[in-house]
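Trainee: Could you take me through one part of this model in detail? I would like a close look at the place where the two chains meet, and then at whatever else helps me picture each chain.

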2 protein chains.
Amino acid sequence: MEANVAGAFGAVLRTLRIEKKITQEQLGFEAGLQRKYISLLELGTKAPSLATVLRVAKALNVEPGSLVSLVAAKLDEL
Amino acid sequence: MEANVAGAFGAVLRTLRIEKKITQEQLGFEAGLQRKYISLLELGTKAPSLATVLRVAKALNVEPGSLVSLVAAKLDEL
């Protein structure tokens, strides 16, 4: 399950970031995370903690619950 | 931030579990997690991964996004 969760989160994160037209570096700066870590999250290589999900949601200016709903929907597709 | 997130998640988890009238042992069984780990989550001693949040939401029969919205609201109170 954990690998799928990481993959689903990464796909949603990448989609939202590109929609917002910001770079991994900008997102990392806003979220207080390394650009490299954002990259690993987007690739699904690293699985996020809830704290990371909340930081990223805030940085992307999306409701945390909406972000997680998108991840749950993506998981159902995988 | 991480400590607050763990505390907020723990408080929400405990409230929902008691509302559903199930024990930590039953929740652990449903979620595929140890009872002791459920206890540490409720106490805010352990911070959950996103994968754990999704498992717990499923076991409690609540939408993952709703669970995370409750945690975000609780965090704003803390």
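**Where chain A meets chain B**

Mentor: Happy to. The area buried between chain A and chain B is about 1,500 Å², and carbon and sulfur atoms give 79% of that. Keep in mind that this is a predicted model. Three elements each give two or more residues to the side of chain A that touches chain B: helix 1 (2-19), helix 4 (50-60) and helix 5 (64-77) of chain A. Helix 5 of chain A gives the most, with seven residues. By type, the residues on that side of chain A divide into 13 nonpolar, three polar and two charged.

In residue terms, 18 residues of chain A are in contact with 18 residues of chain B. Polar pairing between the chains comes to two residue pairs in polar contact, both at pLDDT 80 or more. As for salt bridges, the rule finds zero across the interface of chain A and chain B.

Now for the symmetry. A rotation of 180° with 0.0 Å of shift along its axis superposes chain A on chain B, with an RMSD of 0.0 Å. That is the relation of a two-fold axis. The interface fits this picture: 100% of the interface residues of chain A are also interface residues in chain B, so the copies meet through the same surface.

Salt bridges do turn up elsewhere, since a search of the whole structure finds six over all chains. In chain A, A:Arg17 forms one with A:Glu42, with the closest N and O atoms 2.5 Å apart. This pair links distant parts of the chain, because A:Arg17 sits in helix 1 of chain A and A:Glu42 in helix 3 of chain A, 25 residues apart. A:Arg17 and A:Glu42 are both buried. In helix 3 (residues 35-43) of chain A, A:Glu42 has buried company in A:Ile38, A:Ser39, A:Leu40 and A:Leu41. Just after helix 3 of chain A, A:Gly44 takes a positive phi of about 80°.

Chain B has a pair of its own in B:Arg17 and B:Glu42, whose closest N and O atoms are 2.5 Å apart in a salt bridge. Here B:Arg17 belongs to helix 1 of chain B and B:Glu42 to helix 3 of chain B, 25 residues apart. B:Arg17 is buried, as is B:Glu42.

For a contrast in setting, look at helix 5 (residues 64-77) of chain B, where B:Lys74 and B:Glu77 lie three residues apart, about one turn of the helix. Their side chains meet in a salt bridge at 3.6 Å, N to O. B:Lys74 counts as partly exposed because its relative accessibility is 25%, and B:Glu77 is exposed at a relative accessible area of 59%. Back in chain A, salt bridges that share partners join A:Arg14, A:Arg17 and A:Glu42 into one network.

Finally, the loops. Most residues other than glycine have a negative phi. A:Lys21, in the loop between helix 1 and helix 2 (24-31) of chain A, has a positive phi near 55°. A:Lys21 counts as exposed because its relative accessible area is 74%. In chain B, B:Lys21 has a positive phi of about 55°, and B:Lys21 is exposed at 74% relative accessibility.

Technical notes:
Residues are numbered from 1 along each chain as its sequence is written. Chains are lettered from A and ligands numbered from 1 in the order in which they are written. This is a predicted model: local features need pLDDT of at least 70, side-chain atom pairs count only at pLDDT 80 or more; totals for chains, interfaces and linings use all residues. Side-chain values use heavy atoms; hydrogens and water are left out. Contact means heavy atoms within 4.5 Å. Buried area is the accessible area (1.4 Å probe) that two parts lose on being put together, summed over both. A salt bridge is a side-chain nitrogen of Lys or Arg within 4 Å of a carboxyl oxygen of Asp or Glu. A polar contact is a pair of N or O atoms within 3.5 Å; within protein, one must be able to donate a hydrogen and the other to accept it, and residues adjacent in sequence count only if both atoms are side-chain atoms. Helices (H or I, at least four residues) and strands (E, at least two) are DSSP runs, numbered from the N terminus. Ala, Val, Leu, Ile, Met, Phe, Trp, Tyr, Cys and Pro count as nonpolar, Asp, Glu, Lys and Arg as charged, and the others, Gly among them, as polar. Copies are superposed by least squares on the C-alpha atoms of residues with pLDDT of at least 70 in both. Buried means under 20% relative accessible area, exposed over 50%, partly exposed in between (1.4 Å probe, protein chains only).
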